[in-house]
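Reader: Please take me through one part of this model in detail. I would like to look closely at the pocket and then at what surrounds it.

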Amino acid sequence: MGQTGPARRQRGSIRNRGGRFQVRVYAGQDPVTSRPHYLTESAGDDKQADRILRRLLTEVDEQRNARTKATLGTAIDSWMRV
């Protein structure tokens, strides 16, 4: 059977980085800088990395993560332009 709809983009990934596992989850576009916003953490083993991936995906789904990584100076400069 073929695929029945558009392909869904994977929202998170786990990759091996020098003996540790890096977990990276897309969290949307940064409203201040307009750049892609990612949450990242590292883990010692693959089971811990799977738990971190599920937790970060839940944070993004429930919108419990910070919406921007902009510094206070960048936020003030953006506000002053408006």
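Author: Start with the lining. The largest pocket in this predicted model is lined by D30, T33, R35, P36, H37, Y38, K69 and A70. By class, 3 of the lining residues are nonpolar, 2 are polar and 3 are charged. The space inside comes to about 160 Å³.

Next, place P36 in the fold. P36 lines the pocket, and P36 is also the bridge partner of Q29. The strand that holds P36 is β3, which covers residues 36–43. H37 and Y38, also in the lining, fall within that range of β3.

Now the hairpin. The strands β2 and β3 are antiparallel and share 7 bridges. Between them lie 6 residues of the hairpin. Within this hairpin, S34 has a positive phi near 60°. T33 and R35 are among the residues that line the pocket.

Step back to the sheet. It is open, has 3 strands and follows the order β1-β2-β3, with antiparallel pairing. The edges are β1 (12–17) and β3 (36–43), each of which pairs on one side only. On average, neighbouring strands are turned by 25° against each other, direction ignored. Helix α1, residues 46–61, packs on this sheet. The helix touches β1, β2 and β3. The direction of α1 makes about 10° with that of β2.

Move to the other pairing. Strand β2 spans residues 20–29 and runs antiparallel to β1. Here the strands are joined by 6 bridges. R15 stands opposite Q22 of β2. N16 has F21 in β2 as its bridge partner. The hairpin of β1 and β2 has 2 residues between the strands. In this hairpin, G18 is the residue with a positive phi, near 65°.

Finish with the charged contacts. The whole structure contains 3 salt bridges. One of them joins the side chains of R11 and D61, at 2.7 Å from N to O. This pair links distant parts of the chain, 50 residues apart. R11 sits in the segment before β1, and D61 belongs to helix α1.

To return to the pocket: its lining includes P36, H37 and Y38, and β3, which starts at residue 36, is an edge strand of the sheet. K69 and A70 are also among the lining residues.

How values were computed: Residues numbered from 1 in each chain as written. Predicted model: local features only at pLDDT ≥ 70, side-chain atom pairs only at ≥ 80, totals over all residues. Heavy atoms only, no water. 1 Å grid on protein atoms, 1.4 Å probe; cavity = no way out; pocket = protein on both sides within 12 Å on 5 of 7 lines; lining within 4 Å. Points joined across faces, edges and corners; volume = space filled by probe spheres on them. Nonpolar A, V, L, I, M, F, W, Y, C, P; charged D, E, K, R; others polar. Pairing = 2+ DSSP bridges. Helix = DSSP H or I, 4+ residues; strand = E, 2+ residues; numbered from the N terminus. Axes fitted to C-alpha atoms, helices over the stretch in contact; angles between N-to-C directions. Contact = heavy atoms within 4.5 Å. Salt bridge = Lys/Arg side-chain N within 4 Å of Asp/Glu carboxyl O.
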